[in-house]
Amino acid sequence: MMKLVALICLGLILPVIMADTEVAEPRKPNCDDFHEVCTREYNPVCGDNGHTYSTECMLCMENKFEKTSVRIAHKGECKPQ
């Protein structure tokens with residue numbers, strides 16, 4: 001009976017843990033909802049060009065207007081070189 005309870009608990013917890021894992025990076029930014037307007041929050045991402053963008057939206061904006069294809073290297077600020 002205890003094994004069954006443990007398996008059920010594991011079955012409930014494992015999907016939550018797996019859902020919180022990161023997508024492999026570098027990855028393309030999600031620009032599906034980009035409409036040339038970004039919010040002013042600070043949720044930085046590091047581009048594969050070594051530049052920190054305040055949000056993923058700002059990276060999308062730069063890619064569009066500069067005609068570049070910078071990808072997200074990782075969440076958070078880029079480390080100084």
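## Disulfide C46–C78

C46 and C78 form a disulfide in this predicted model, and their sulfur atoms lie 2.0 Å apart. The link of C46 and C78 is right-handed, with 110° about the S-S bond. C46 belongs to strand β1 and C78 to the segment after β3 (72-75), so the bond ties together parts 32 residues apart in sequence. Both of these cysteines, C46 and C78, are buried.

## Disulfides to helix α2

The count of disulfides comes to three. One of them joins C31 to C60, with an S to S distance of 2.0 Å. C31 sits in the loop between α1 (2-19) and β1 (45-47), while C60 sits in helix α2; the two are 29 residues apart, and the pair links distant parts of the chain. The torsion about the S-S bond of C31 and C60 is about -90°, so this disulfide is left-handed. The two ends have separate burial classes: C31 is partly exposed because its relative accessibility is 28%, which falls between the limits of 20% and 50%, and C60 is buried because its relative accessible area is 2%.

Another disulfide joins C38 to C57, again with S to S at 2.0 Å. This pair also links distant parts of the chain, with C38 in the loop between α1 and β1, C57 in helix α2, and their positions 19 residues apart. The torsion about the S-S bond of C38 and C57 is about -80°, so the disulfide is left-handed. C38 counts as buried because its relative accessible area is 16%, and the class requires a value under 20%.

With bonded cysteines counted along the chain, the disulfides of the protein follow the pattern 1-5, 2-4, 3-6.

## Helix α2 and its packing

Helix α2 covers residues 56-66. Its buried residues are L59, C60, M61 and N63. The buried residues of α2 pack against three strands, namely β1, β2 (52-53) and β3. After the helix comes K67, which has a positive phi, near 55°.

## Nonpolar core

In soluble globular proteins, nonpolar side chains tend to be buried together. Here the largest nonpolar core has five residues: V45, Y53, L59, V70 and I72.

L59 is both one of the buried residues of α2 and a member of this core. Leaving aside residues up to four places away in sequence, L59 touches P29, V45, G47, Y53, V70, R71 and I72. The other core members, V45, Y53, V70 and I72, are thus among the contacts of L59.

## Largest pocket

The largest pocket has a volume of about 250 Å³. It is lined by 17 residues, and those closest to its centre are N30, E41, T55, E56 and C57. C57 is also the helix α2 partner of C38 in a disulfide.

By class, the lining of this pocket consists of eight nonpolar, four polar and five charged residues. Helix α2 supplies the largest share of the lining, three residues.

How values were computed:
Residues are numbered from 1 along each chain as its sequence is written. This is a predicted model: local features need pLDDT of at least 70, side-chain atom pairs count only at pLDDT 80 or more; totals for chains, interfaces and linings use all residues. Side-chain values use heavy atoms; hydrogens and water are left out. A nonpolar core is a set of buried Ala, Val, Leu, Ile, Met, Phe, Trp, Tyr and Cys residues joined through side-chain atoms within 4.5 Å. Buried means under 20% relative accessible area, exposed over 50%, partly exposed in between (1.4 Å probe, protein chains only). Contact means heavy atoms within 4.5 Å. On a 1 Å grid over the protein atoms alone, a cavity is a set of points where a 1.4 Å probe fits but cannot get out, and a pocket is an open set with protein on both sides within 12 Å along at least five of seven lines; lining residues have an atom within 4 Å of a point. Grid points are joined across faces, edges and corners, and a volume is the space filled by probe spheres set on the points. Helices (H or I, at least four residues) and strands (E, at least two) are DSSP runs, numbered from the N terminus. Ala, Val, Leu, Ile, Met, Phe, Trp, Tyr, Cys and Pro count as nonpolar, Asp, Glu, Lys and Arg as charged, and the others, Gly among them, as polar. A disulfide is a pair of cysteine sulfur atoms within 2.5 Å.
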